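Let's take a walk through this model, starting with one helix and then moving on to the cysteines. Keep the structure open beside you as you read.

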Amino acid sequence: MALRILIVLLILAVPLELPGCGPFLPEAVFHSKGGPDGSTAFNLGQLGILLPSYTRHYLVIAYRYLSGVGLNDVEAHAISGVPRGAILAFTSDESDNPWLAARNKVPGVAPIQRIDTFREVQKDGFYGTYLNCNDDAFRTAASTLERWRGKPGEADWIASQDLVFDDCSKGAAIPTASSLPQLRADRAYQIASAKFYSEQYDTARQDFQTITGDGSSPWHEIAPYLAARCLIRAGKWPEAEKELQSIVDNPKLARWHSSANELLRYVWVRLYPEDRMHELAAELVKPNSQATIAQDLIDYRKLFDQDVKPDPGDDLTDWILSFQAGGNGALEKWRATHALPWLVGALQAAGPKDTAVAELLAAASAIKPDSPAYFTVNYHRVRLLPADDARTLADQLLKLDMPVSARNQFRAERLRMARNFEEFLRYAARTPVDYDAKPGTELLDDDSAGVLDRAVPLALLRQASTSPLLPEAIRKELQRAVAIRSLVLAETPNFDEVIRLLHTPGDAPFVRAGYGRPYPPAELGMLQDSWWCQGATGPPHWEPPDQRPPEPVANFLSAANRDEAAAERRKLAALPAAPDWLGAQAIAYAHDHPEDPRVPESLYLVVRATRYGCQDAQTGDASKRAFDLLHRRYPDTQWAKKTPYWYK
């Protein structure tokens with residue numbers, strides 16, 4: 001299948017703003033805040049650890065399972081993606097378009113490679129696109145072509161159908177009426193369809209109504225339905241409701257009752273939002289809803305997102321609002337109902353010192369391993385229990401099979417309760433669940449990386465870099481950080497290591513979380529993250545200061561460890577940006593060892609570092625001093641010739 005750009009078109013959705021230009025770097029995700037790491041397993045009841053940040057799509061599914069309704073296989077499949085016709089390409093080509101596949105086989109007809117299916121919204125100050133021609137249109141055209149195959153007028157009909165589909169993306173190409181009697185009915189349908197796709201809804205509706213009255217036309221049964229669609233596209237909701245209802249009430253149009261009812265529900269969302277939200281909240285908790293659950297879920301979320309006032313009797317809506325607000329009012333609801341959804345909400349809201357913790361923990365301990373809430377309630381048990389009991393429970397749970405994101409969250413809790421450095425290392429690594437993750441990958445998350453970077457002394461960091469409790473890839477990253485930290489903290493830095501560091505702009509004295517720098521250490525890269533910044537910090541933060549990770553907590557450290565780490569941090573914090581520090585080392589060494597053949601190269605590399613590395617107010621001075629010394633003392637070297645400028 002040809003490479004396609006896919007878009008999820010939620011039928012009732014408002015066009016979303018897309019983010020600006022990149023860079024779009026791989027970001028290690030250890031548990032997704034918006035939903036589970038596997039929607040298929042989630043739809044089958046493997047809920048993992050429910051979070052209040054999950055989208056309402058997943059919270060509706062979670063509520064069904066927590067309340068005992070669940071999803072049958074057909075329902076789970078229906079909501080595993082999006083409803084029929086809702087995932088489509090910006091362009092449709094021969095490999096996935098039955099119309100193009102059939103059309104391009106007709107002898108003498110010039111092939112068409114693709115059809116643009118989306119049309120721009122014509123509105124001042126607004127840019128958006130919408131799906132104008134969906135799969136049904138192409139299937140219908142392909143089947144109609146079979147009827148015309150080999151008959152007089154076939155080429156004429158194909159040419160007119162090409163005009164119709166040209167209107168999918170732009171323009172208003174309307175086929176002309178045909179003088180051939182056998183083409184009359186199909187041409188009338190093509191003309192009406194072209195007007196519909198070119199947004200001439202009033203005249204298109206009139207044409208479809210004319211076709212409705214032509215009993216000899218093969219399109220007279222579908223025409224009333226299409227006339228109603230014209231009203232919907234024009235935003236004439238009351239008229240559309242009346243016309244669709246007349247189709248549903250007409251036994252002669254039984255073939256179109258199901259489609260008309262689907263559109264009626266669409267119209268009711270616009271006309272009666274509060275009533276419809278109440279109806280949907282009731283429908284979405286009924287079993288065996290495979291015929292409507294996918295679209296009902298979209299409509300419900302749409303109304304929810306529009307802040308439609310919910311009915312106070314809708315337990316589903318009430319639970320979602322409470323859960324997303326941190327469990328507000330959940331304890332009272334649970335005490336009144338003893339329902340599992342409300343137990344989950346009450347546990348989420350509870351703190352270790354709350355008076356209700358004992359009764360909540362007792363109820364949580366009664367949840368069986370086969371319950372969809374098992375990992376969620378036990379996550380909160382680990383959070384609420386005394387430390388010794390919580391460690392024991394967490395270790396027992398981590399022996400079980402569970403979603404990767406849930407395992408990462410339990411490991412994070414266990415790390416928080418580490419009693420010594422060995423325990424900390426045992427739970428430090430996590431498995432990413434993002435799309436960039438490769439099987440078997442283990443990385444440091446912000447909590448473990450933060451402790452290693454900012455809380456432990458160099459001696460413990462060196463111990464971690466060789467510990468078999470950490471994966472080899474993490475150990476190698478730590479070994480590089482240890483080497484650079486040792487270098488910059490040394491009273492007399494080793495010049496061999498200074499030279500090596502000048503060749504590896506990606507090396508730094510700090511510990512990175514996640515995937516780290518996306519380039520090998522020896523590459524400059526394109527992200528302005530070469531060498532380090534003032535204070536031995538990482539590259540300039542992309543996120544605002546209030547989104548940076550909090551200061552690490554490492555209660556297992558001794559007072560001596562803390563004092564040693566604090567002293568080292570003060571030295572690191574006093575460091576200038578890496579190009580300045582490297583310049584000072586190279587220039588000092590050059591004065592003491594002017595005959596060393598490595599000196600000219602080191603000065604050249606310093607000037608390069610001042611251009612591409614992190615800078616501060618003194619970087620320009622470091623650049624000029626290295627430049628001047630290189631050209632004054634070593635003017636005939638290749639390194640001086642490669643350095644025509646210095647950089648402010």
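Start at helix α9, residues 223–233, in this predicted model. The helix is mostly covered, with nine of its eleven residues buried. If you want to click through them, the buried ones are Ala-223, Pro-224, Tyr-225, Leu-226, Ala-227, Ala-228, Cys-230, Leu-231 and Ile-232. And what does the covering? Among the elements packed over those buried residues are α7 (184–197), α8 (201–212), α10 (237–248) and α11 (257–271). Once you run off the end of α9, look out for Gly-235, which follows the helix and has a positive phi, near 75°.

Now for the sulfurs. The structure holds two disulfides, so to speak a pair of staples to track down. One joins Cys-133 to Cys-168, with the sulfurs 1.9 Å apart. Its torsion about the S-S bond is about -100°, so this disulfide is left-handed. Cys-133 sits in the loop between β6 (129–131) and α5 (135–148), while Cys-168 is in the loop between α6 (154–166) and α7, and with 35 residues separating the two, the pair links distant parts of the chain. Both Cys-133 and Cys-168 are buried.

The other disulfide runs from Cys-533 to Cys-614, at an S to S distance of 2.0 Å. Here the torsion about the S-S bond is about 95°, so the handedness is right-handed. You'll find Cys-533 in the loop between α25 (495–503) and α26 (559–573), and Cys-614 in the loop between α28 (599–612) and α29 (619–633), so this bond ties together parts that are 81 residues apart in sequence. Are these two cysteines buried or exposed? Cys-533 has 9% relative accessibility, so it counts as buried, and Cys-614, at 12%, counts as buried too.

Line up the bonded cysteines in sequence order and the pairing reads 1-2, 3-4. That leaves Cys-230, back in α9, which is in no disulfide. How far away is the nearest cysteine sulfur? It belongs to Cys-133 and lies 13 Å from that of Cys-230. Disulfide partners have their sulfurs within 2.5 Å, so a gap of 13 Å rules this pair out. Cys-230 counts as buried because its relative accessibility is 1%, with the cut-off at under 20%.

Terms used:
Residues numbered from 1 in each chain as written. Predicted model: local features only at pLDDT ≥ 70, side-chain atom pairs only at ≥ 80, totals over all residues. Heavy atoms only, no water. Buried < 20%, exposed > 50% of the residue type's maximum accessible area, 1.4 Å probe, protein only. Helix = DSSP H or I, 4+ residues; strand = E, 2+ residues; numbered from the N terminus. Contact = heavy atoms within 4.5 Å.
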